[in-house]
Amino acid sequence: VPVVLTGDDLRLLAQVAPTLRVEASRSAPGLVELVADFHVGIIRLPDVVIEVQPKLPMDRFFFLLSYAVDPDRWRREHAPFAADQSVLEAVAPAFCRLVSEATYRGLLHGYRTKEQALPTVRGQIRFGDQMRRHQGFLLPVELRYDEYTEDILENQLLLAALHRIGRLPIRSMAVRRALNEISAAFHAVTLPRISPGSIPQVRFDRLNRHYEPALRLAMLILKWSSLELGGAAATGTSFLINMNELFELFLYRALRDALHLSENEFRLGAGGLWLDEARQVNLQPDLSWWHGSR
């Protein structure tokens, strides 16, 4: 459908949704047509909200997403979906539920190394920094110590995803309230600035395994949503799911479950592989099945 977009809209659209193609309308001179290709989701500009719906029915789309994140947990979900429900309105409440379940006993704590100048000795003294910064004075003392805190990577990722999705135009007031209430529990956690192309990875173990479903979805939200971009007068943001990536994640999970393989045996991608003995041609498989180092 041809739409009206100003020059400022088009410039901002190119920043927050570079994968969206803009073409001049042949049927309506002066208007433009938007081509989403393999992305679905939502884009918020100052005066325009653009929604891209999947061709799949919403319950089938949600099944792909849920299976890709956590097949055991989400296989039991049977949420009703309206025919006109947006992708964002489906993902946001599901993410709220996962974060609530992960943190219902309180936020995960862990040790974090800090470097700080304090009036009392704690941990290790950084003698080089002490001499360089304080030139012979005894106080304050430059220290390195481990602090048991909730301000750790796992909580920072959840908070960043809650903040990112909360900046999008969610219509449901109940979901908006839930996002605000859940975010309040992270008051002692630092809000990191994470770009979609450089999301820190988390190693899961017995201590943080209960966070895994929420974190997997949080990392997808951070990957598929833009930072708030634009100038002081006009800002925009987007949440666009790459359906090719989503189907690959679903396929990886489904095959791994069917083959009864671990993450180490059946991998999504693999590094350090070469076609030739001289290591000139790098191999980058989508999926790989391993027996030891073979």
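## Exercises on a predicted model

By the distance rule used here, the count of salt bridges comes to 9. The structure above is a predicted model, so let's work through it together with that in mind.

**Exercise 1. Describe the salt bridge between Arg216 and Glu212, and say how the two residues are placed along their helix.**

*Step 1.* Start with the distance: the side chains of Arg216 and Glu212 meet at 2.6 Å, N to O. The cut-off for a salt bridge is 4 Å, so the pair qualifies.

*Step 2.* Now look at the spacing. Both residues sit in helix H8 (residues 212-224), and because they are 4 residues apart, about one helical turn separates them. In general, an α-helix has 3.6 residues a turn, so residues three or four places apart point the same way.

*Step 3.* Check the cover on each partner. Arg216 is partly exposed, with a relative accessible area of 22%, whereas Glu212 counts as buried at 11%.

*Step 4.* Finally, widen the view: Arg216 and Glu212 belong to a network of salt bridges that also links Arg209, Arg256 and Glu263.

**Exercise 2. Which parts of the chain does the pair Lys223 and Glu245 tie together?**

*Step 1.* Find the contact: the closest N and O atoms of the Lys223–Glu245 salt bridge are 3.2 Å apart.

*Step 2.* Place each partner. Lys223 lies in helix H8 and Glu245 in helix H9, so the salt bridge ties together parts that are 22 residues apart in sequence.

*Step 3.* Add the accessibility: Lys223 is partly exposed at 40%, and Glu245 is partly exposed at 28%.

*For comparison.* Glu23 and Arg21 also form a salt bridge, with 2.5 Å from N to O. Glu23 is partly exposed at 34% relative accessibility, and Arg21 is partly exposed at 37%.

**Exercise 3. Test whether the length of helix H4 agrees with its number of residues, then find what H4 gives to the largest nonpolar core.**

*Step 1.* Helix H4 covers residues 87-103, which is 17 residues. The expected span is 1.5 Å times one less than the number of residues, so H4 should span 24 Å.

*Step 2.* Compare with the model: the end C-alpha atoms of H4 are 25 Å apart, which agrees.

*Step 3.* Look at the cover. Of the 17 residues in H4, 13 are buried, so the helix is mostly covered.

*Step 4.* Turn to the core. The largest nonpolar core has 58 residues, and Phe95, Leu158, Phe186, Phe239, Ile241 and Leu246 have the most contacts inside it. The largest share of this core, 11 residues, comes from H4.

*Step 5.* Zoom in on Phe186. Beyond its neighbours within four places in sequence, Phe186 is in contact with residues including Val99, Thr103, Leu158 and Leu162. A second, separate core has 13 residues, among them Leu20, Ile43, Leu45 and Ile50.

**Exercise 4. Where on the chain does the largest share of the nonpolar surface patch come from?**

*Step 1.* List the members: Phe247, Leu251, Leu255, Leu259 and Trp289 form the patch, with about 430 Å² of accessible area together.

*Step 2.* Assign them. Helix H9 (residues 243-259) gives the largest share, 4 residues.

*Step 3.* Check one member. Leu251 is in helix H9 and counts as partly exposed at 33% relative accessibility. Patch members need over 30%, so Leu251 passes.

Terms used:
Residues numbered from 1 in each chain as written. Predicted model: local features only at pLDDT ≥ 70, side-chain atom pairs only at ≥ 80, totals over all residues. Heavy atoms only, no water. Patch = residues over 30% accessible without salt bridge, like charges linked within 9 Å, V, L, I, M, F, W, Y side chains within 5 Å. Areas by Shrake-Rupley, 256 points an atom, 1.4 Å probe, with all protein chains shown as cover. Buried < 20%, exposed > 50% of the residue type's maximum accessible area, 1.4 Å probe, protein only. Core = buried A, V, L, I, M, F, W, Y, C linked by side-chain atoms within 4.5 Å. Contact = heavy atoms within 4.5 Å.
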